[in-house]
Amino acid sequence: LQMLEQQVVGGEQAKNKDLIEKRQRRKKYADERRMQLVAALQQEDEDSSDWVLLKVYDSTQEEVRAKSKLLEKMQKKLRAAETEIKDLQSEFEREKSDYLSAIRRLEQKLMLFQQLLDRVQSLIRRDCNYSNLEKIKRESIWDEETGCWKIPEPVIQKTHLP
(Lines give C-alpha, C1' and ligand atoms only; values in the text may rest on other atoms or scores of the structure.)
Protein backbone atom coordinates (compact mmCIF):
# COMPACT_ATOMS: atom_id res chain seq x y z
CA LEU A 1 0.00 0.00 0.00
CA GLN A 2 2.86 2.40 0.84
CA MET A 3 4.61 1.59 -2.41
CA LEU A 4 1.45 2.32 -4.39
CA GLU A 5 0.91 5.50 -2.39
CA GLN A 6 4.41 6.77 -3.14
CA GLN A 7 3.96 6.08 -6.84
CA VAL A 8 0.56 7.77 -6.96
CA VAL A 9 1.40 10.82 -4.82
CA GLY A 10 4.32 11.91 -7.02
CA GLY A 11 2.84 10.58 -10.23
CA GLU A 12 4.98 8.83 -12.80
CA GLN A 13 7.95 11.11 -12.07
CA ALA A 14 7.94 10.54 -8.28
CA LYS A 15 11.33 8.84 -8.27
CA ASN A 16 12.94 10.99 -10.95
CA LYS A 17 15.95 12.44 -9.14
CA ASP A 18 16.53 15.17 -11.73
CA LEU A 19 12.98 16.42 -11.30
CA ILE A 20 13.29 16.35 -7.50
CA GLU A 21 16.55 18.33 -7.65
CA LYS A 22 14.95 20.81 -10.07
CA ARG A 23 12.04 21.36 -7.66
CA GLN A 24 14.45 21.82 -4.77
CA ARG A 25 16.48 24.40 -6.75
CA ARG A 26 13.30 26.27 -7.68
CA LYS A 27 12.19 26.29 -4.06
CA LYS A 28 15.62 27.45 -2.92
CA TYR A 29 15.64 30.24 -5.55
CA ALA A 30 12.13 31.32 -4.54
CA ASP A 31 13.13 31.39 -0.86
CA GLU A 32 16.27 33.44 -1.65
CA ARG A 33 14.27 35.86 -3.77
CA ARG A 34 11.65 36.22 -1.02
CA MET A 35 14.41 36.94 1.52
CA GLN A 36 15.92 39.56 -0.83
CA LEU A 37 12.54 41.26 -1.20
CA VAL A 38 12.00 41.25 2.55
CA ALA A 39 15.45 42.73 3.10
CA ALA A 40 14.84 45.36 0.40
CA LEU A 41 11.53 46.31 1.99
CA GLN A 42 13.16 46.63 5.38
CA GLN A 43 15.95 48.82 4.01
CA GLU A 44 13.70 51.12 2.04
CA ASP A 45 12.81 54.35 3.73
CA GLU A 46 9.23 55.49 4.10
CA ASP A 47 9.30 57.72 1.00
CA SER A 48 10.34 55.10 -1.49
CA SER A 49 8.24 52.32 0.04
CA ASP A 50 5.26 53.91 -1.70
CA TRP A 51 6.49 52.32 -4.89
CA VAL A 52 6.53 48.84 -3.43
CA LEU A 53 3.56 48.72 -1.09
CA LEU A 54 -0.04 49.22 -2.14
CA LYS A 55 -1.74 51.94 -0.14
CA VAL A 56 -5.44 52.10 0.61
CA TYR A 57 -6.88 55.60 0.61
CA ASP A 58 -10.08 56.82 2.24
CA SER A 59 -10.89 59.26 -0.55
CA THR A 60 -9.69 60.17 -3.99
CA GLN A 61 -8.54 63.57 -2.68
CA GLU A 62 -6.23 61.84 -0.21
CA GLU A 63 -4.90 59.63 -2.97
CA VAL A 64 -4.33 62.65 -5.23
CA ARG A 65 -2.47 64.49 -2.43
CA ALA A 66 -0.28 61.49 -1.67
CA LYS A 67 0.54 60.89 -5.30
CA SER A 68 1.18 64.61 -5.87
CA LYS A 69 3.61 64.60 -2.95
CA LEU A 70 5.32 61.54 -4.39
CA LEU A 71 5.44 63.22 -7.82
CA GLU A 72 7.06 66.33 -6.31
CA LYS A 73 9.69 64.21 -4.57
CA MET A 74 10.48 62.36 -7.80
CA GLN A 75 10.67 65.67 -9.70
CA LYS A 76 13.14 66.99 -7.14
CA LYS A 77 15.24 63.85 -7.58
CA LEU A 78 15.02 64.25 -11.34
CA ARG A 79 16.13 67.91 -11.18
CA ALA A 80 19.02 66.95 -8.89
CA ALA A 81 20.08 64.22 -11.30
CA GLU A 82 19.84 66.62 -14.26
CA THR A 83 22.00 69.23 -12.51
CA GLU A 84 24.51 66.51 -11.65
CA ILE A 85 24.61 65.50 -15.30
CA LYS A 86 25.13 69.11 -16.39
CA ASP A 87 27.92 69.54 -13.82
CA LEU A 88 29.65 66.40 -15.04
CA GLN A 89 29.32 67.47 -18.66
CA SER A 90 30.76 70.92 -17.95
CA GLU A 91 33.62 69.39 -15.96
CA PHE A 92 34.31 67.02 -18.85
CA GLU A 93 34.33 69.93 -21.30
CA ARG A 94 36.76 71.89 -19.10
CA GLU A 95 39.11 68.93 -18.85
CA LYS A 96 38.86 68.35 -22.58
CA SER A 97 39.74 71.98 -23.36
CA ASP A 98 42.63 71.82 -20.87
CA TYR A 99 44.00 68.70 -22.56
CA LEU A 100 43.64 70.27 -26.00
CA SER A 101 45.45 73.43 -24.92
CA ALA A 102 48.24 71.33 -23.38
CA ILE A 103 48.56 69.40 -26.63
CA ARG A 104 48.72 72.66 -28.61
CA ARG A 105 51.45 74.04 -26.30
CA LEU A 106 53.45 70.83 -26.64
CA GLU A 107 53.10 70.89 -30.43
CA GLN A 108 54.35 74.51 -30.47
CA LYS A 109 57.36 73.57 -28.34
CA LEU A 110 58.06 70.62 -30.60
CA MET A 111 57.96 72.85 -33.67
CA LEU A 112 60.30 75.34 -31.96
CA PHE A 113 62.82 72.63 -31.10
CA GLN A 114 62.57 71.14 -34.58
CA GLN A 115 63.25 74.54 -36.17
CA LEU A 116 66.15 75.18 -33.80
CA LEU A 117 67.58 71.79 -34.61
CA ASP A 118 67.29 72.41 -38.33
CA ARG A 119 69.13 75.74 -37.98
CA VAL A 120 71.85 74.44 -35.67
CA GLN A 121 72.52 71.29 -37.66
CA SER A 122 74.23 73.23 -40.43
CA LEU A 123 76.64 74.72 -37.86
CA ILE A 124 77.84 71.34 -36.58
CA ARG A 125 81.21 70.19 -37.88
CA ARG A 126 81.16 67.42 -40.45
CA ASP A 127 83.67 65.29 -38.55
CA CYS A 128 81.40 65.24 -35.44
CA ASN A 129 79.00 62.36 -34.87
CA TYR A 130 76.21 64.91 -34.26
CA SER A 131 76.26 65.95 -37.92
CA ASN A 132 74.02 62.97 -38.71
CA LEU A 133 70.89 63.51 -36.60
CA GLU A 134 69.12 60.37 -37.81
CA LYS A 135 72.03 58.27 -36.55
CA ILE A 136 71.87 60.06 -33.18
CA LYS A 137 68.12 59.38 -32.98
CA ARG A 138 68.69 55.67 -33.66
CA GLU A 139 71.45 55.45 -31.04
CA SER A 140 69.48 57.31 -28.36
CA ILE A 141 67.85 55.16 -25.67
CA TRP A 142 64.94 56.02 -23.38
CA ASP A 143 65.76 55.39 -19.70
CA GLU A 144 62.63 54.46 -17.70
CA GLU A 145 64.29 54.96 -14.32
CA THR A 146 65.40 58.54 -14.89
CA GLY A 147 62.65 59.41 -17.35
CA CYS A 148 64.97 60.95 -19.93
CA TRP A 149 66.86 60.07 -23.09
CA LYS A 150 70.41 58.77 -23.05
CA ILE A 151 72.07 60.44 -25.99
CA PRO A 152 75.51 59.40 -27.22
CA GLU A 153 78.36 61.71 -26.31
CA PRO A 154 79.64 63.99 -29.08
CA VAL A 155 82.75 62.64 -30.71
CA ILE A 156 84.94 64.37 -33.25
CA GLN A 157 86.51 61.92 -35.64
CA LYS A 158 89.82 63.16 -36.88
CA THR A 159 91.38 61.41 -39.73
CA HIS A 160 95.14 61.07 -39.56
CA LEU A 161 96.99 61.08 -42.80
CA PRO A 162 99.91 58.71 -43.11
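Is Leu-116 buried, partly exposed or exposed? Leu-116 counts as partly exposed, because its relative accessibility is 44%. That is one residue from a predicted model, and the notes below go through the rest of what caught my eye.

1. **Overall layout.** Keep in mind that what you have in front of you is a predicted model. The chain has 5 helices and 2 strands, and if you walk along the sequence you meet them in the pattern α-α-α-α-α-β-β. So the helices come before the two strands, as that pattern sets out under the DSSP-run numbering from the N terminus.

2. **Burial and surface.** Of the 162 residues in the chain, 7% are buried. The chain exposes about 15,700 Å², with carbon and sulfur atoms supplying 56% of that area. As for contacts, take the ones between residues at least 6 apart in sequence: 24% of those join residues at least 24 apart.

3. **The nonpolar patch.** Back to Leu-116, which sits in helix α4. Together with Leu-112 and Phe-113, Leu-116 makes up a nonpolar patch on the surface. The accessible area of the three comes to about 300 Å². Leu-116 is partly exposed at 44%, and that clears the cut-off of over 30% relative accessible area that patch residues need.

4. **The negative patch.** Helix α4 covers residues 60-121, and Asp-98 is part of it. On the surface, Asp-98 gathers with Glu-84, Asp-87, Glu-91 and Glu-95 in a patch of negative charge. How accessible is Asp-98? Its relative accessibility is 48%, so Asp-98 counts as partly exposed.

5. **A salt bridge in α4.** Helix α4 also holds a charge pair: Glu-63 and Lys-67 form a salt bridge, with 3.2 Å between the closest N and O atoms. Both residues lie in α4, 4 residues apart, which is about one turn of the helix. Glu-63 is partly exposed because its relative accessibility is 30%. Lys-67 is partly exposed too, with a relative accessible area of 49%. If you want the general idea, side chains of opposite charge can pair when their charged atoms come close.

6. **A salt bridge in α5.** The structure holds 3 salt bridges, and another of them links Glu-134 with Lys-137, where the closest N and O atoms are 3.6 Å apart. Helix α5 takes in residues 133-139. Because Glu-134 and Lys-137 are 3 residues apart in that helix, about one helical turn separates them. On accessibility, Glu-134 counts as partly exposed at 45%, and Lys-137 is partly exposed with a relative accessible area of 48%.

7. **Lys-150 and Asp-143.** Here the side chains of Lys-150 and Asp-143 meet in a salt bridge, at 3.8 Å from N to O. Is Asp-143 buried or exposed? Asp-143 is buried, because its relative accessible area is 15%, and the cut-off for buried is under 20%.

8. **Around Lys-150.** Lys-150 is found in strand β2, which spans residues 148-150. Which residues does Lys-150 touch once you leave aside its neighbours within four places in sequence? They are Glu-139, Ser-140, Ile-141 and Asp-143. Take Ser-140 from that list: Ser-140 and Lys-150 are 10 residues apart along the chain, and their C-alpha atoms are separated by 5.6 Å.

9. **The positive patch.** Elsewhere on the surface, Lys-22, Arg-23, Arg-25 and Arg-26 form a positive patch. Arg-26 belongs to helix α2, residues 17-43. With a relative accessibility of 56%, Arg-26 counts as exposed, since the cut-off for that label is over 50%.

10. **The segment after β2.** Last stop is Thr-159, which has its place in the segment after β2. Thr-159 counts as exposed because its relative accessibility is 72%. How far is Thr-159 from Asp-127 in sequence and in space? The two are 32 residues apart in sequence, with 8.7 Å between their C-alpha atoms.

Technical notes
Residues numbered from 1 in each chain as written. Predicted model: local features only at pLDDT ≥ 70, side-chain atom pairs only at ≥ 80, totals over all residues. Heavy atoms only, no water. Patch = residues over 30% accessible without salt bridge, like charges linked within 9 Å, V, L, I, M, F, W, Y side chains within 5 Å. Areas by Shrake-Rupley, 256 points an atom, 1.4 Å probe, with all protein chains shown as cover. Salt bridge = Lys/Arg side-chain N within 4 Å of Asp/Glu carboxyl O. Lys, Arg positive; Asp, Glu negative; His and termini not counted. Charge placed at Lys NZ, Arg CZ, Asp CG, Glu CD. Buried < 20%, exposed > 50% of the residue type's maximum accessible area, 1.4 Å probe, protein only. Contact = heavy atoms within 4.5 Å.
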